[in-house]
Each structure stands twice: as C-alpha cells, then as structure tokens.
Amino acid sequence: MDLEAVRTFVAVVDGGQFQHAAADLSITQQAVSKRIAGLEKDLAARLFTRTARGALLTIDGQAFLPHARELLRVAERAVASVLPGSRPLRVDVIASRSAASGLMRGFHRVHPEVELDVVMLFDIEKAVAALLSGAIDATFRAVAVPGRPLPEDIASVRVLDEPLQLLTGPDHVLAGARSVTVAQLAGHRIWMPGIVPGTEWAAYYDDLVAEFDLTIEATGPNFGSDALLDTIADTPALATFMSEETRLVWPAGHGLRRIPVTGPTPVYPHSLLWHRGNPHPALATLRAHLAATAPGHDAPGTWAPRWVTPR
C-alpha cells in the first residue's frame, strides 16, 4: 500500500476538500485525485463522495480512516527509530567485569541522559563486522593484532593503558611483596586458563612471554574467575595476572594478594573503535568524555606490545 496515498487520504479528510489537501501537501489537485484513485483501486472500495460542500467519506472510507491514521503513526515511529540519536548508543565492552565496562559506567554517571545498550562480543572479528554493519556503534579492543589490520572505515583512539597485577594465594613465595619486578617473575608459574589462540589478548601475552622470558600456562579447562581464584588461593606454586581494573570479589578466607608489577609495568592497551561514517551524536559525546577522563598511554616505565596502535 502506498503510504503517500494514505497520507493524502487523511489530508483530504482533515481538509474537507481535495483542493485544501493539495495545498497542505504542496502538490497539485490533480495529483491528489490521482493518489486517491490509486488507493481506491488498491482497496477495491470507494472512499469519498464529492458534493458541493466538499469530499464526504463513504461508509468504506469511514471504516478505513482509523486504520489509515494508525498506518501513518506506525510509519512515523519506524522512521524515528533509526534517526541519529533516537536509539540507544550500542557499545561492546567484551566482558562485564572488564576495564571497558568500568569506563562505560563512568560515562553513564556523567551522561545519564544518553541511553545505552551495552553488549559483550568475544571475538574482535565479530566486533569489527558489527561496527561495519551498524549493529554496534563502538567497541573497546587492543589494536591491531599483527597480520590483522583494521579496515579503513574503522577508526580507533587509545583510551586506557591498564596495568597488570600479580595475583597470588597467601602461601605463595611472593605473597608478602609490596611490588614485584617483571624480572622477579621469571621461573614462576603463572596460570591463565582460557587464553584462546588467535584472540587479541593471546597475542598480548605471547609478546609478554617473549619479551620477559615468563612462563604462562593456559592448560586446563576454564571454569571462570571464581574457580580460578579458588585454585590460586589453594595452590602456593601458582599465580596469575589480573588487570588492575578487573572487578572481583572473593571470600575473605582466600587471603589473596594483588601485587603491583614494575620495572617496567606491563599495561594492557584499550582502544575505542568505531565506524568513521557512524552519525550517532552520542558517539561524539563518548569520545569527548574518554578524551577528557582517560589517563593517557605510553607512560614512562610501562610496556605494551609494539603492534599496538595508535601509539
């Protein structure tokens, strides 16, 4: 059904005459007559009776009128749903306990007027594909993994360098240290189940191991953070890396220690990615907020892989 013809029908009803409808719609009276004739043909029903007083609705016209108005309201809502700024800003934070999630919570506190839709996508290829298709407006990632450059339509800005910390149980040999150097970690077993080959964080830890001669074990099933904390608390020979902004709660009896790593401090680089042609106005608001609140990157005494962009 031709929505313009439906709109013309309603305009004739509201104006009472074809001439008035033509003026309201900025078209000719002949165009009004043509649209109404086409609509009547589609409906196989006569909608108006012309009289000296104007256009009067037939019984069929009276039956069609409320549905015609509803069709126009639905069309208006459909158009409004995709107008820039009329839908929530959709942002991928990878995981709910991540630093990216914390950045978005901070943004929401400062800009509660911006409606948000937060999603979690595991794979960077899926996240980039979602940016290109418009399924999401932004994603937080470490970019770019060697051999997988970002498409030209995807822009990025470095927003946070997140320090790594060493997490140990109470009986680990380093548990009492106020800080440890990267060199001190050589020879210690650092257990990190769940590192998936091909992911950006796998590339990060591969470079970290190669740079500082560390031992990271990714063996065993990944039962989640709670099981990881249980094992670290009960196994003096194991430690793990934990990002500084990762939000975790564990039982007081675990006696876990979060120990800063120095000399240099390995940092995990977070960048915001978005499609260059994305018109959502809240995207600019998010970028401005991160630029004003993010602590910067590549600080002296820190380390990040050479492939990280932008530097």
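# Backbone features, cores and the largest pocket

Ala 44 is located in the loop that connects helix 3 (29-43) with strand 1. In this predicted model, the phi angle of Ala 44 is near 55°, a positive value in a residue other than glycine. Ala 44 counts as exposed because its relative accessibility is 71%, where the cut-off for exposed is over 50%.

Asp 213 also has a phi near 55°, again a positive value in a residue other than glycine. Asp 213 sits in the loop between helix 7 and strand 9 (215-217). With a relative accessibility of 61%, Asp 213 is therefore classed as exposed.

The table lists the two residues with their loops and values.

| Residue | Loop | Phi | Relative accessibility |
|---|---|---|---|
| Ala 44 | helix 3 to strand 1 | near 55° | 71% |
| Asp 213 | helix 7 to strand 9 | near 55° | 61% |

Another backbone feature is found in the loop between strand 11 and strand 12, where Pro 264 lies. The peptide bond from Gly 263 to Pro 264 is cis, and its omega is near -5°.

Strand 1 (residues 48-51) and strand 2 (residues 54-57) run antiparallel and are joined by four bridges. The two strands make a hairpin, with two residues between them. Arg 50 has Ala 55 of strand 2 as its bridge partner.

Arg 87 belongs to the loop between helix 4 (59-80) and strand 3 (89-92). How exposed is Arg 87? Its relative accessible area is 29%, so Arg 87 is partly exposed, a class that runs between the limits of 20% and 50%. The C-alpha atoms of Arg 87 and Val 114 are 9.6 Å apart, while the two residues are separated by 27 residues in sequence.

Turning to the interior, the largest nonpolar core has 24 residues. Within this core, the residues with the most contacts are Leu 166, Leu 185, Tyr 204, Leu 208 and Phe 241. At least two residues of the core come from each of strand 6 (154-168), helix 7, strand 10 and strand 11 (257-262). Helix 7 supplies the largest share, six residues.

What does Leu 166 touch, leaving aside residues up to four places away in sequence? Its contacts are Leu 174, Val 180, Leu 185, Ala 239, Thr 240, Phe 241, Arg 257, Arg 258, Ile 259 and Val 261. A second core, separate from the largest one, has 20 residues, including Leu 103, Phe 107, Leu 283 and Leu 286.

The largest pocket has a volume of about 990 Å³. It is lined by 35 residues, of which Ala 95, Met 192, Trp 201, Ser 243 and Thr 246 are the closest to its centre. By type, the lining is made up of 21 nonpolar, 10 polar and four charged residues.

Which elements each supply at least two residues of this lining? They are helix 5 (99-110), strand 5 (138-141), helix 7 (200-212), helix 8 (225-234), strand 10 (238-243) and strand 12 (265-275). The largest share comes from strand 10, with four residues. Helix 7 and strand 10 each supply at least two residues of the pocket lining, and each also supplies at least two residues of the largest nonpolar core.

Definitions and conventions:
Residues are numbered from 1 along each chain as its sequence is written. This is a predicted model: local features need pLDDT of at least 70, side-chain atom pairs count only at pLDDT 80 or more; totals for chains, interfaces and linings use all residues. Side-chain values use heavy atoms; hydrogens and water are left out. On a 1 Å grid over the protein atoms alone, a cavity is a set of points where a 1.4 Å probe fits but cannot get out, and a pocket is an open set with protein on both sides within 12 Å along at least five of seven lines; lining residues have an atom within 4 Å of a point. Grid points are joined across faces, edges and corners, and a volume is the space filled by probe spheres set on the points. Ala, Val, Leu, Ile, Met, Phe, Trp, Tyr, Cys and Pro count as nonpolar, Asp, Glu, Lys and Arg as charged, and the others, Gly among them, as polar. A nonpolar core is a set of buried Ala, Val, Leu, Ile, Met, Phe, Trp, Tyr and Cys residues joined through side-chain atoms within 4.5 Å. Buried means under 20% relative accessible area, exposed over 50%, partly exposed in between (1.4 Å probe, protein chains only). Contact means heavy atoms within 4.5 Å. Two strands pair if DSSP finds at least two bridges between them.
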